[in-house]
Amino acid sequence: MNDGALAGLRVIDAATLAAGPLIATWMGEQGAEVIKVEQPDGGDPLRQWGAQRDGIGLMWKSVARNKKCVTLNLRLEAGRDLLRSLTRQADVVIMNLRPSTLDKWALGYESLAAANPGLVMVHVTGYGAGGPKSDWPGFGTLGEAMSGFAHLTGTPDGPPTLPSFMLADGVAGLTATYAVMMALYYRDARGGTGQLIDINLIEPLARLLEQSVLTYDQLGTIPVRTGNRWDISAPRNTYRTSDGRWLAMSGSAPSIAMRALRAVGRPELTEDPKFAEAQQRLRNAAEIDAIMAGWIGQRTLDEALAVFEEAGVAAAPIYDAEQLLGDPQLQARGVYPSVDDEELGSMRVQAPVPRFSATPGAISHLGPRLGEHNAEVYRELLGLDGGRLAELHEQGVI
């Protein structure tokens with residue numbers, strides 16, 4: 001591990017797939033000791049999720065960075081007893097079992113906190129506690145659908161569009177991570193107790209899309225899909241260059257929008273109320289789009305970016321993965337370091353975000369093999385000797 005800001009904290013990651021485990025990933029990057037608990041029969045489904053190399057899940061390798069992996073069969077009471085023993089020595093435990101399963105297995109917050117009042121528990125579910133859907137299974141896709149994201153994403157004449165990455169899980173994980181830090185501050189700086197954090201896959205993403213609800217509540221209208229345009233900013237779109245590449249730009253600040261019009265040789269439009277005044281500019285966004293598309297389409301990406309950079313216009317190239325790794329700015333910051341790994345040799349992953357001047361985050365290792373740290377964790381934390389470990393393995397508990 002490292003000596004980051006969270007050194008000395010112990011986190012039990014007993015969740016699966018993305019949202020819950022991401023919380024532990026981010027805490028582990030900042031120095032927390034993270035113990036990843038997996039079922040012995042296959043482990044976290046994230047191991048088999050997405051792209052593989054020689055049967056090794058690439059996303060697993062990144063999300064399970066810095067974690068100590070142990071196996072524990074929570075379907076057995078002996079396994080649940082071991083988990084309770086681990087949580088008695090932990091600061092944070094992360095779970096995503098259904099509420100009814102937590103209750104049936106006596107792994108709910110009240111049960112665990114009775115033995116460890118300072119425990120902070122994060123419970124990630126699809127829909128949140130309470131309500132008719134509280135016990136329904138849920139995945140990020142459903143959060144992206146029900147948050148309003150898919151409704152707003154895509155072209156006006158096309159279907160609602162889902163993202164091709166774990167958006168809802170990521171937003172929920174980030175929200176829960178700062179919630180954990182607030183709960184720990186309340187406990188450690190204000191003399192409080194531990195507490196339960198209830199997080200689901202809909203509400204965090206919906207909060208970022210709140211403008212739709214505000215618009216409907218106050219104006220009675222429902223925003224619709226607008227492609228890459230956005231009804232709060234013009235120009236704002238993606239534009240194809242003459243060499244077949246793509247550029248994105250935003251005129252969110254009025255001064256930037258005026259610079260963009262001057263940069264493409266239309267300074268007279270900055271004096272025209274149709275384009276100079278913010279609300280009028282939004283009403284005439286299609287005309288501005290056509291002007292930008294026409295000018296950019298006659299130039300290569302490098303030529304267009306050079307003009308926009310000189311003029312102070314907010315524009316950027318649209319990267320694929322290869323271009324992302326090759327960007328000089330990201331290379332200078334070391335955004336994608338290569339980390340040694342026993343199974344893959346090495347792998348480039350994204351460095352910890354954000355960066356701290358006094359307590360920088362670090363990556364000590366990538367995702368371990370299933371049960372790799374059984375002996376270390378169970379001996380050091382629970383005092384189990386080799387004979388007992390062998391017995392538990394034989395019984396299918398670990």
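This passage describes the sheet, the nonpolar cores and the aromatic pairs of a predicted model.

Six strands form an open sheet in which the pairing is parallel and the order is E5-E2-E1-E6-E7-E8. The edges are occupied by E5 and by strand E8 (196-200), each of which has a single partner strand, so that one side of each is left without a neighbour in the sheet. Averaged over the sheet and with direction ignored, neighbouring strands are turned by 20° against each other. Strand E1 (residues 10-13) pairs with E2 in the parallel sense over four bridges, and within this pairing the bridge partner of Ile12 in E2 is Ile35. Helix H8 (residues 167-188) packs on the sheet, where it touches E6, strand E7 (120-125) and E8, and the direction of the helix makes about 165° with that of E8.

The pairing of E2 with E5 is likewise described as parallel, with five bridges, and Val34 has Lys67 as its bridge partner in E5. Although E5 stands at an edge of the sheet, five of the five residues of this strand (residues 67-71) are buried, so E5 is largely enclosed by the rest of the structure. In a regular strand the side chains alternate between the two faces of the sheet. For E5, both faces are covered, since Lys67, Cys69 and Thr71 on one side and Lys68 and Val70 on the other are all buried.

Polar contacts accompany the strand pairing at Glu33, which is placed in strand E2. With a relative accessibility of 17%, against a limit of 20% for buried residues, Glu33 counts as buried. The side chain of Glu33 is joined to that of Arg10 by a polar contact of 2.8 Å, and a polar contact of 2.9 Å is made with the side chain of Lys68. When neighbours within four places in sequence are left aside, the residues in contact with Glu33 are Leu9, Arg10, Val11 and Lys68.

In soluble globular proteins, nonpolar side chains tend to be buried together. In the present model, the largest nonpolar core holds 29 residues, of which Leu72, Met95 and Tyr378 touch the most other members. Two or more residues of this core are given by each of strand E2 (33-38), helix H3 (77-87), strand E6 (92-95), helix H5 (109-115), helix H18 (374-382) and helix H19 (386-394). Not counting residues up to four places away in sequence, Tyr378 touches Val70, Thr71, Leu72, Leu86, Gly383, Leu384, Leu389 and Ile398. A second, separate core comprises 24 residues, among them Ala15, Ala24, Val124 and Ala176.

The count of aromatic pairs comes to two. The ring centres of Tyr127 and Trp136 lie 6.1 Å apart and the ring planes stand at 85°, so this pair is edge-to-face. Tyr127 counts as buried at 15% relative accessibility, whereas Trp136, with a relative accessible area of 47%, is partly exposed. The pair formed by Trp295 and Phe308 is tilted, with 5.2 Å from centre to centre and 40° between the planes. Because Trp295 lies in helix H14 (residues 285-297) and Phe308 in helix H15 (residues 301-311), this pair ties together parts that are 13 residues apart in sequence. Trp295 is buried with a relative accessible area of 11%, and Phe308 is buried with a relative accessible area of 1%.

Methods
Residues are numbered from 1 along each chain as its sequence is written. This is a predicted model: local features need pLDDT of at least 70, side-chain atom pairs count only at pLDDT 80 or more; totals for chains, interfaces and linings use all residues. Side-chain values use heavy atoms; hydrogens and water are left out. A nonpolar core is a set of buried Ala, Val, Leu, Ile, Met, Phe, Trp, Tyr and Cys residues joined through side-chain atoms within 4.5 Å. Buried means under 20% relative accessible area, exposed over 50%, partly exposed in between (1.4 Å probe, protein chains only). Contact means heavy atoms within 4.5 Å. Rings of Phe, Tyr and Trp (its six-membered ring) pair if their centres lie within 6.5 Å; planes under 30 degrees apart count as stacked, over 60 as edge-to-face and the rest as tilted. Two strands pair if DSSP finds at least two bridges between them. Axes are lines fitted to C-alpha atoms, for helices over the stretch in contact, and angles run from 0 to 180 degrees between N-to-C directions. A polar contact is a pair of N or O atoms within 3.5 Å; within protein, one must be able to donate a hydrogen and the other to accept it, and residues adjacent in sequence count only if both atoms are side-chain atoms.
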